[in-house]
Amino acid sequence: MELLTTNNVWMMVCTALVFFMHLGFSLLEVGLTRQKNAINILFKNVFIICAGLLTYAILGFNLMYPGSFLAGIIPDYFFGLFGLSAPVADGALDLAYNQGYTYWTDFLFQGMFAATAATIVSGAVAERIKLGSFMLFSVIYITIVYPIIGSWKWGGGFLDGIGFYDFAGSSLVHSVGGWGALIAIYLLGARLGKFGKDGQSHAIPGHNIPLATAGVFILWLGWFGFNGGSVLSADPSLTSITLVTTCLAAAAGGISAFLVSTIAYKNYDLTMFLNGILGGLVGITAGADLMSPFDAVLIGLVAGGVIVFGVSLIDKLKLDDPVGAVAVHLACGIWGTLAVGIFGSMAGFDQLLTQLAGVGIIGAFCCISAFVILSIIKATMGLRMEEKEETEGLDIHEHGMDAYAEFGTAHDR
């Protein structure tokens, strides 16, 4: 009982840290976008965590951990209002549910992860998507797409059966959000003024880089829970090495992105530095428990380079991602997943092929699902704001509010 209590307390602390990450995402997105859309960004992030927890309680948790599958692919679970049903013994909660934590802790920890996938999409589609359309997409994506993919590995489905490995979600969380973001920005189109008539990309600076910087530090702190909690116990050895590799990869990712971007663009770009840190964190997430400190540094160094070239590639494809979400969460999520087959205790050609297969399967399912959902929304509700509304700002038109009212109207700046 004492061991269970210790493990459970650690898991609840990690749950709180992952919850805190949603503040980090909010500040990062607000800081890297324009003042006239700040309320809209914050509204979306508040909605995601509230709706995400409710839908995960109603359906997502049992869909992700169904207990059985049809052909190892389709979770054998059907809709039931508030599907949470803790095991009991003699009329009381059965604390033997798991050696590391109780049923309720398990739900809450996993529920925090579920909302993250939609938060990733939020940053990519910022400043031009209709709020109602985004909210509908988020609910469907969190409720159905994310749990089904998670069930294939973490719920004991066919990806788990073939040996695919993803410790804390480089693919199962981050690339799920990244694939959804990629399809969304393709269907949505770029912000007004992002690309000139000559096809050249024009920077649209964020309005508050200090806020974005604070957001990244909060996210880094939250990753102590994201990866540390994925040990699923308070095991001293595993939690310690996991946190060490997580932090080293983050630091290496930041330094790498800063150096590569400085060489490429001849200036010290703080936003690249910040996204490099996040890229390192995403990259180490698939194998944080398998890597040596040296492995973690190498993974982070590569991730930093992936960030710089990934952001450049998105621009060349005439796609508009205001916060670099696709480069951070998709490109580095893929890199981190493949790194399990290159570095660490599971490294090997067969494992690399398994990881590659998992990336392809997850990518195909996410892209098809996101395309279908968003296409239906586009054909019915519409995805994009009107030009006048986008120009003047979503805060005024969708919320009737200004984040900085004491300084005058947002669309004046």
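Start by selecting F25, L28, V323, A325 and H329: of the 15 residues that line the largest cavity, these lie nearest its centre. Keep in mind as you look around that this is a predicted model.

With those five shown as sticks, turn on a cavity display if your viewer has one. About 110 Å³ of space lies in this largest cavity. How many cavities of 30 Å³ or more are there to find? The count comes to 1.

Next, colour the helices that contribute to the lining. Select helix 1 (2–31), helix 3 (103–124), helix 7 (209–228), helix 9 (270–284) and helix 11 (325–339); each of them supplies at least two lining residues. Now recolour the lining by residue class: you will be looking at 9 nonpolar, 5 polar and 1 charged residues.

Time to zoom out. Switch to a cartoon of the protein chain, and its secondary structure comes to 14 helices and 4 strands. Rotate the C-alpha trace onto its principal axes, where the chain spans about 65 × 50 × 40 Å. The radius of gyration is 21 Å, which agrees with the value near 22 Å that a compact globule of 413 residues would have.

Then colour by burial: 57% of the 413 residues count as buried. If you draw contacts with a separation of 6 or more, 77% of them join residues 24 or more positions apart.

For the last stop, put on the surface. The protein chain exposes about 16100 Å², and carbon and sulfur atoms supply 70% of that area.

Conventions:
Residues numbered from 1 in each chain as written. Predicted model: local features only at pLDDT ≥ 70, side-chain atom pairs only at ≥ 80, totals over all residues. Heavy atoms only, no water. 1 Å grid on protein atoms, 1.4 Å probe; cavity = no way out; pocket = protein on both sides within 12 Å on 5 of 7 lines; lining within 4 Å. Points joined across faces, edges and corners; volume = space filled by probe spheres on them. Nonpolar A, V, L, I, M, F, W, Y, C, P; charged D, E, K, R; others polar. Rg over C-alpha atoms; globule rule 2.2 N^0.38 Å. Buried < 20%, exposed > 50% of the residue type's maximum accessible area, 1.4 Å probe, protein only. Contact = heavy atoms within 4.5 Å. Areas by Shrake-Rupley, 256 points an atom, 1.4 Å probe, with all protein chains shown as cover.
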